[in-house]
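This report walks through one protein chain, moving from its sheets and helices to its core, its loops and the confidence of the model. Please keep the sequence and the structure in view while reading.

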Amino acid sequence: MPEDGEGRERARPVATALWAVHSGKRSDSTMQTTAHSAVSTGAFAMVADRRYTNRVIIRARTVVTMDGVSIENGAVAVSRNRIDDSPSRSSPSRAARLCRAAPAGSVVDVGKFDELKKRNAGEIVDLGEQALLPGLINAHCHLDYTCLRGKIPPQRTFADWIRAINAEKARLLPKDYLSSINEGFAEAKRFGTTTVANLTAFPDLIPQIHAPIRTWWFPELIDVRAPKYANEIADLAIESLKPAQNWGLAPHALFTASKNLYECCEEIARVENVLLTTHLAESREEMEMFRDSSGPLYEFLKGIGRPMDDCGNKTPLELFVDLIGRGGSPNRPQAIEVNRLYLPWIVAHLNELAESDFELLENAKVQFHVVHCPRSHGYFKHRQFPFQRLHSLGFNICLGTDSLASNENLSLFAEMRAFQRSQPGISPDEILKMATVNPAMALHREKMIGRIRPGFCADLIAIPSGQGPNLFEEIVGFEGQLDRVMVNGKM
Ligand SMILES: [Zn+2]
C-alpha cells in the first residue's frame, strides 16, 4: 500500500554461480553432472566442443514450459555466453535456430531430454524427480515493509490500517528499510520469485541495493499534502529513474495522488515508454469516499487537508478511466492511440466495482492489467474479487503479494492457493499463468519472461514432482522454499 517518494534503480540481477553444480541438497541421489559429447569425431568435434562449453543442459522429470504441453523427461539448454550458440552442421530444433545469437543466460533449446542432448552438448545437470518451471513473477509488492510482518493486526477500518502503518513507519530509519528491502528480495527468491514489480517509497535507497532477482522499481508518488508540487514530484522521480533498466511510476492511489500527478505520470510514461501502476478501488471506504462523500477514509483524508472536491459523484473506477489514456495533456484529450492490450497501466486490487463500473469497462476503449493480491485481500476482508467478470471482459489478471504489512510472507505459491480457495472453479494451470505468463504481459515482457521458450531469459525454478495425476495441482500445492532458483542463467 502506502507512501510517497521518487526514485531510481539499479535493478540488475546479481548472481554468482551457474546452476551447474551439485547443491548438496535434495535429489542429489538422482542428480548427475557430466560432460556430454554428442559429437565425438573429427575436426567438427573440436569446433563443437569449443561451442558446447557455453551451454548447460538441465534435465528434469517434467519441464513445465507454460507454452503448450509440458514435457516429460524434458530438458532446457541454457546459454552461458554471448556467442552463436547453435552448433554448426548440427540439426537444431526450429526453436533453437530462431535464437542463434543467444544472449548469456537465455534459454536456447527446450525439448525431450533424449532429443535435446543430441543437438546440444555441454554440462548436464539432472534434477531428477523435479518439475522445472519458469520463475514466478510478483506483479505487486512493497518490499519496504517486509519488516512489518505480524506488526499490524487487522483493523476495524481501512483508514485505521493507514493510521497503524503510519505509526509503525514513524519508528523506522533508512537502515531499517534497507534491510527490510534486502530481506524481502531474499525471501521472494527463496519462494521461487524471479521477477518482481516493487513499489518503493524510498527510491533514494535503491543505489545501495543489489536486487538478486529481476526488478521493476516503481517509486510510489503521493502529493496529498502538496498538490501544488505534483509536477516537481514527478519530475524528480523521472530524473532519478532515468539510468535504471526496468522502472515505472506509481501514483499511489486516487485518494493520495492528485489528478495532476496522474497526468504527469502518464505524460512521462508516454515519452519514456515505461509502465505505470496504481492502487484502485481497493476498499469499500474508497468507494464510499468518492461516490458518496462519506465514510472513515473520507473523514480521515478530509482531516489531513486533502481537497475533497472530487468526491460525491463518481466511483473510483469512473474517475480513473476519466484520467487515463489522455497523454497527460488537457489539449490532447485523446492523444494516445489506444491499444486495448497494451496500455501501460497495471492496476492493483479493483475489488470494489459498482454495476455501472462493469458497464463502463465493457464500453470503454481502454483496458489495463489487473493485479489481485489474494491474501492481502483476505486480511482486509474485502468483498469477493470479481475475477470471472473481469476475465470475461478480457482483462489480463495477475497475482501479487502486496506488502507484509497485510500478508504473512512473499510466497506466490501461497497466493495461488489462496486464490484457488476463493475461486475453486479456476483450473490450476490458469492460476499458474497468473504468476507467470500474465504478469510477463503486464510488464510488457511477454517475449522475455514467464515461459520456458528459446530466446527467453533463463529464469527457472525447480520443485519436487511425483507421479500425481495433476501436475498443475501439484505445483500450486507446493509448500516450502526452493533450493534451485535461476535468474538470467545463474543461481
Ligand atoms: Zn499495494
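## A helix across the open sheet

Helix H14 (residues 412–422) lies across four strands, namely S9, strand S10 (193–200), strand S15 (369–372) and S16, and its direction makes an angle of about 125° with S16. The model shown here is a predicted one, and every feature described below should be read with that in mind. The strands that H14 lies across are members of an open sheet of eight strands, whose order is S9-S10-S11-S12-S13-S14-S15-S16 and whose pairing is parallel. At the edges of this sheet stand strand S9 (136–141) and strand S16 (396–399), each of which has a single partner strand, so one side of each is left without a neighbour in the sheet. From one strand to the next, the twist averages 25°.

Within this sheet, strand S11 (residues 214–221) and strand S12 (residues 248–251) run parallel and are joined by two bridges. Leu-221 takes part in this pairing, with Pro-251 in S12 as its bridge partner.

## A buried strand with two partners

Is strand S8 (residues 130–134) enclosed or open to the outside? Five of its five residues are buried, so S8 is largely enclosed by the rest of the structure. S8 runs parallel to strand S2 (residues 55–63), to which two bridges join it, and it also pairs in the antiparallel sense with strand S17 (residues 460–464), over five bridges.

Ala-131 is a useful residue for tracing both pairings, since Ala-131 in S8 is the bridge partner of Thr-62 and also stands opposite Ile-463 in S17.

## The nonpolar core

In soluble globular proteins, nonpolar side chains tend to be buried together. In this model the largest nonpolar core has 136 residues, and those that touch the most other members are Ile-58, Val-76, Leu-132, Leu-221, Ala-234, Leu-249 and Cys-265. Helix H7 (residues 259–272) supplies the largest share of this core, with six residues. At least three residues of the core come from each of domain 1 (19–134 + 454–486) and domain 2 (136–442).

For the protein chain as a whole, buried residues make up 53% of the 491 residues, and the secondary structure comes to 17 helices and 18 strands. Among contacts between residues at least 6 apart in sequence, 77% join residues that are at least 24 apart.

## Helices H9 and H5

Helix H9 (residues 296–303) has four residues that are buried, which are Pro-296, Leu-297, Tyr-298 and Leu-301. The cover over these buried residues includes helix H4 (158–169) and H8. Just after H9 comes Gly-305, which takes a positive phi of about 95°.

Helix H5 (residues 174–190) contains Ser-179, and this residue counts as exposed because it has 12 C-beta neighbours inside 10 Å. Although Ser-179 and Ile-209 are 30 residues apart along the chain, their C-alpha atoms are separated by 9.4 Å.

## Two loop residues with positive phi

Most residues other than glycine have a negative phi. Ala-281 has a positive phi of about 50° although it is not a glycine, and His-444, also a residue other than glycine, has a positive phi near 60°.

Where are these two residues found? Ala-281 is in the loop between strand S13 (275–280) and helix H8 (284–292), while His-444 is in the loop between helix H16 (437–442) and S17. Their surroundings can be described by counting neighbours: Ala-281 is buried, because 25 other C-beta atoms lie within 10 Å, whereas His-444 is partly exposed, with 17 other C-beta atoms within 10 Å.

## How confident the model is

The protein chain has a mean pLDDT of 83, and 80% of its residues reach 70 or more. Over residues 82–99, however, pLDDT stays under 50, and the model has 41 contacts beyond four places in sequence for this stretch. Residues 327–342 are another stretch where pLDDT stays under 50, and for them the model has 25 contacts beyond four places in sequence.

Terms used
Residues numbered from 1 in each chain as written. Buried ≥ 20, exposed ≤ 12 C-beta atoms within 10 Å, placed from the backbone. Pairing = 2+ DSSP bridges. Core = buried A, V, L, I, M, F, W, Y, C linked by C-beta atoms within 7 Å. Domains from an automatic or database assignment. Contact = placed C-beta atoms within 7 Å. Axes fitted to C-alpha atoms, helices over the stretch in contact; angles between N-to-C directions. pLDDT = per-residue confidence, 0-100.
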